[in-house]
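Dear colleague,

I am handing over the structure below, as agreed. My notes on its salt bridges follow it.

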Amino acid sequence: MFIPTSTPGESSPVHPEVVRRLLHSEPFARSRLLAERLDTDPMMLEELLDLVRLRRVENNPRLAPLAGLIAQAVDWLSASAFDADGSAALVARRRMTMAALIYLVDFDDVIPDDVVRGTVDDFVVLDFVLNRALDPSGR
């Protein structure tokens, strides 16, 4: 099942209720809590980024359309994660980006990744969160 991706600032083609349910799910709540911890621990953040790189999304036909977006998120977090001058909005965008990447590497999320089409939920979360978090206009 292919879900078309949106570009930064563009609305997602996925039904808003699906996105809402995923973002309010227990696995994504877990990801957000862990992102808060990672935001203050450079070593933990680097471990997350290594796990994301090892996931090799470009080789997964269901996640490959987001490979560039994920690479952009990894690069942005590598370069700016511990900028002490970050505004509250920047910190929120950074933490949501981390939460989306944590969700990606969590194999026991809403749809476990080891089942058929188990990465559909990962795709929806990544597409929605990263397109907004990485949008330079801050929308």
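Arg94 and Asp39 are both buried, that is, each has under 20% relative accessible area. Please keep in mind that the model is predicted. The two residues form a salt bridge, and their closest N and O atoms are 2.8 Å apart. Arg94 belongs to helix 5 (residues 88-105), while Asp39 sits in the loop between helix 2 (26-38) and helix 3 (42-55), so this pair ties together parts that are 55 residues apart in sequence.

How many salt bridges does a search of the whole structure find? The count is nine. Two others are described here.

One of them pairs Glu46 with Arg53, with 3.3 Å between the closest N and O atoms. Glu46 is partly exposed, at a relative accessible area of 35%. Arg53 is partly exposed as well, at 38%. Elsewhere, salt bridges with shared partners join Glu17, Arg20 and Arg21 into one network.

Within that network, Arg20 forms a salt bridge with Glu17, and the closest N and O atoms are 2.7 Å apart. Where do these two residues lie relative to each other in helix 1? They are three residues apart in that helix (residues 16-23), so about one helical turn separates them. Arg20 has 40% relative accessibility and therefore counts as partly exposed. Glu17 also counts as partly exposed, because its relative accessibility is 29%.

Regards

Technical notes:
Residues numbered from 1 in each chain as written. Predicted model: local features only at pLDDT ≥ 70, side-chain atom pairs only at ≥ 80, totals over all residues. Heavy atoms only, no water. Salt bridge = Lys/Arg side-chain N within 4 Å of Asp/Glu carboxyl O. Helix = DSSP H or I, 4+ residues; strand = E, 2+ residues; numbered from the N terminus. Buried < 20%, exposed > 50% of the residue type's maximum accessible area, 1.4 Å probe, protein only.
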